[in-house]
Amino acid sequence: MSGRSGWALVVQAVLVANAVLVLAPMAIMVMSAFKSTREIFQNPFGLPAVWRLENFQRVWVEARFGAYFQNSVVVTVVSVAVLVVLGAMAGYALGRFAFRGNDALYLYFLSGLMLPVRLGVVPLFILMRNLGLLDTLWALILVYAASGLPSAIFILTGFFRTLPADLEGAARIDGASEWTIFTRIMLPLVRPALVIVTIYNAIPIWNDFFFPLVFIQSDARKTLPQGMTVFFGQYYTDYATLFAGLTLAAVPVVALYVLLSQHFIRGLTAGAVKG
Amino acid sequence: MPSGGSPPRTLAHPAGAGRAGRAGLARLRPPAALGQPRLRLSLRTGRRLWLVVFLAPAVLLFATFITYPIVSALAYSLFRWEGIGRREFIGLGNFVRLFATFPYPRLLWNAFWHNVAVFVLTMVVQNLTALGLALLLARNPRGARAYRVVFFLPVTLSLVIVGFLWGLFLNPIFGVVNKALALAGLGHLARPWLGDPATALVTLVLVNAWRWLGFPTLVFLAGIHAVPDDYLEAARIDGASEWDVTRRIVFPLLAPAVTIIVILTFIGSFNWFELPYVMAGVAGAPNRATDVLGLFFYRMAFGEVDTGLQDIGIGSAIAVLMFALLAGVSTVGAVLLRRREVEY
């Protein structure tokens with residue numbers, strides 16, 4: 001018996017050590033955000049003597065985080081909405097209709113899972129320039145929506161295939177149109193898959209840095225990760241403001257994650273794990 | 001993913017999981033569909049029309065913003081470029097220059113071996129740790145659920161945040177890393193981690209592993225949970241030790257999860273961009289000690305900050321080589337994965 005509880009103790013020690021390794025840097029980040037720069041140097045590991053809020057105010061107003069944040073929200077919401085709608089329509093067609101070329105089309109979309117679009121960024125840059133979309137949020141939205149389609153179609157086609165055929169048959173006999181069958185009957189049944197697709201795509205889009213770096217020049221249209229690089233250049237000696245900025249940028253995603261952690265985990269490992 | 005993956009979705013993400021990172025190439029068909037008869041509909045004109053309505057928008061979007069740029073990148077590598085102006089067709093000229101004209105080969109191989117190092121180190125440091133943690137979590141210790149949530153937390157953070165945060169921590173004068181070493185009585189180990197060519201790349205890999213660790217942990221954990229309990233019970237009743245059960249039953253059945261992680265780590269490592277860009281700069285400081293193919297490609301495609309040197313021909317040639325490498329490995333990986341799957 002004592003052998004077993006000794007083993008359990010070792011297991012807990014390892015798990016706690018890893019939890020500390022994960023959480024300590026984030027705790028230092030948050031605590032530093034409330035300190036003065038002087039206090040960060042003198043007392044880097046302790047709680048702040050006074051919890052100061054002015055660092056956050058500076059970041060939000062002076063460093064324009066408010067504007068960056070808004071751009072990130074617009075880009076993320078619109079591109080996820082587009083890719084979920086188009087992905088569901090295509091997934092429905094591929095999952096429920098037998099037609100010549102079905103398999104080929106499915107594999108065509110899936111090929112997007114293996115090749116990173118960012119390697120095609122030069123032609124994409126020139127295409128966006130020719131379309132007059134450079135330095136607009138549309139450039140980001142279109143690329144994110146398109147590159148989210150493969151995973152969306154992969155997940156949704158699978159879900160649509162599992163639905164019983166009777167439902168559809170009955171509706172068709174009742175004279176429902178294809179569109180009605182899709183939106184009223186099929187779509188509500190795959191709601192869990194829609195949630196997974198949304199979560200799976202929203203986080204990487206929210207966090208992306210590469211495409212804004214290439215497509216966006218005006219400060220007013222920068223997204224949060226990109227805006228942070230500007231902000232870091234400006235305030236590089238002001239530790240208190242830097243930590244406040246990092247904290248502010250991290251809070252929305254972390255809060256959402258903690259609220260929805262079960263969905264998140266399922267969503268982000270969905271592509272990698274069977275079923 | 002998981003490594004540079006800068007995942008994933010990323011275009012891959014994490015290492016990986018980036019967008020590419022994110023993806024699973026595991027099976028081309030979701031398993032739920034296996035054995036299920038495909039619904040047969042008679043395709044009268046009306047239904048054909050609906051098919052077009054459902055499929056056309058997705059095909060159009062995907063073809064324009066994914067297929068077209070990828071195919072064009074291949075074509076671009078066959079032309080000479082001046083700035084973003086395309087000049088004459090030169091066949092494989094850009095590839096010849098990339099491999100034979102100073103300074104390109106030196107930069108190419110320097111970056112390539114760094115990607116290899118990132119992959120190997122990530123496999124050892126990040127993925128072996130993840131496997132160990134998954135085995136511990138699979139025994140369902142007290143608090144397993146909470147640990148799962150905590151371990152995965154950094155995966156949701158932007159790589160830009162992770163890069164800057166650790167950049168501040170690693171500052172040789174003010175950073176907490178050296179301060180913590182001093183507190184622990186290991187002050188003699190303190191050094192400018194990111195400024196020393198000997199430690200810079202390894203430091204980046206460790207920071208990257210801090211961000212991604214939770215991802216392979218959960219994939220392995222899901223793989224372990226998928227092993228039928230009957231097998232484990234039967235083996236235990238037959239008198240097998242826990243280690244035997246792990247080695248003889250869990251590991252073989254975990255092979256698909258291992259293959260997925262290896263592929264995603266590979267894609268992530270060879271797509272690495274955000275973290276070195278944020279922590280080491282576009283030139284791969286110090287002295288190109290952290291230069292990787294992603295940075296080299298970016299500099300050639302969009303111009304180097306100090307020299308202004310831009311060469312889209314060379315950039316596209318790098319992109320083509322990276323495409324070939326990633327597509328080759330993904331395909332081989334998918335095949336291997338299927339072959340190694342144990343039926344149960």
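Here are some numbered notes on this two-chain structure, which is a predicted model.

1. Start with how far the predictor trusts its own answer. The complex gets an ipTM of 0.91 and a pTM of 0.88. For chain B the average pLDDT is 86, and 85% of the residues score at least 70.

2. The confidence in chain B varies from element to element. Helix α8 (residues 200-212) of chain B has the highest mean pLDDT among the elements of that chain, at 98, while strand β2 (residues 8-11) of chain B has the lowest, at 32. The pLDDT is below 50 over residues 1-41 of chain B, although this stretch has 217 contacts in the model beyond near neighbours in sequence. A word of caution here: where pLDDT is low, the predicted coordinates should not be read in detail.

3. Now for the interface. Chain A puts 114 residues into the contact and chain B puts in 104 residues. Between them they bury about 10,200 Å², and carbon and sulfur atoms give 76% of that area. If you want three residues to look at, try Met114(A), Arg118(A) and Leu119(A): together they supply 7% of the area that chain A buries against chain B, more than any other three residues.

4. How many salt bridges does the rule find across the interface of chain A and chain B? Just one salt bridge turns up. The partners are Arg118(A) and Glu274(B), whose closest N and O atoms are 3.3 Å apart. Looking at polar contacts, the count between chain A and chain B is 12 residue pairs, both residues being at pLDDT 80 or more.

5. Which helix gives the largest share of the side of chain A that touches chain B? That is helix α1 (residues 2-33) of chain A, with 15 residues. Sorted by class, this side of chain A has 85 nonpolar, 19 polar and 10 charged residues.

6. Over in chain B, have a look at helix α6 (residues 159-169), which is mostly covered, with 10 of its 11 residues buried. Among the buried ones are Leu159(B), Ile161(B), Phe164(B), Trp166(B) and Phe169(B). Where this helix starts, Ser158(B) has a side-chain oxygen that reaches to within 3.0 Å of the backbone nitrogen of Val160(B).

7. Staying in chain B, Leu135(B) belongs to helix α4 (residues 104-138). Is Leu135(B) buried or partly exposed? Its relative accessible area is 23%, so Leu135(B) counts as partly exposed, buried being under 20%. Setting aside neighbours within four places in sequence, Leu135(B) is in contact with Ile224(B), Thr246(B), Val250(B) and Phe251(B). For a sense of distance, the C-alpha atoms of Leu135(B) and His114(B) are separated by 30 Å, with the two being 21 residues apart along the chain.

8. Back in chain A, Thr223(A) sits in the loop between α11 (210-215) and α12 (224-234). Loop or not, Thr223(A) is buried, because its relative accessible area is 5% and the cut-off is under 20%. Not counting residues up to four places away in sequence, Thr223(A) touches Tyr68(A), Asn71(A), Ser72(A), Leu140(A), Asp208(A) and Pro212(A).

9. One last residue: Leu256(A), found in helix α13 (residues 239-259) of chain A. With a relative accessible area of 43%, Leu256(A) is partly exposed. Leu256(A) and Gly112(A) are 144 residues apart in sequence, and 28 Å apart in space, C-alpha to C-alpha.

How values were computed:
Residues are numbered from 1 along each chain as its sequence is written. Chains are lettered from A and ligands numbered from 1 in the order in which they are written. Side-chain values use heavy atoms; hydrogens and water are left out. Helices (H or I, at least four residues) and strands (E, at least two) are DSSP runs, numbered from the N terminus. Buried means under 20% relative accessible area, exposed over 50%, partly exposed in between (1.4 Å probe, protein chains only). Contact means heavy atoms within 4.5 Å. Buried area is the accessible area (1.4 Å probe) that two parts lose on being put together, summed over both. A salt bridge is a side-chain nitrogen of Lys or Arg within 4 Å of a carboxyl oxygen of Asp or Glu. A polar contact is a pair of N or O atoms within 3.5 Å; within protein, one must be able to donate a hydrogen and the other to accept it, and residues adjacent in sequence count only if both atoms are side-chain atoms. Ala, Val, Leu, Ile, Met, Phe, Trp, Tyr, Cys and Pro count as nonpolar, Asp, Glu, Lys and Arg as charged, and the others, Gly among them, as polar. pLDDT is the predictor's confidence in each residue, from 0 to 100.
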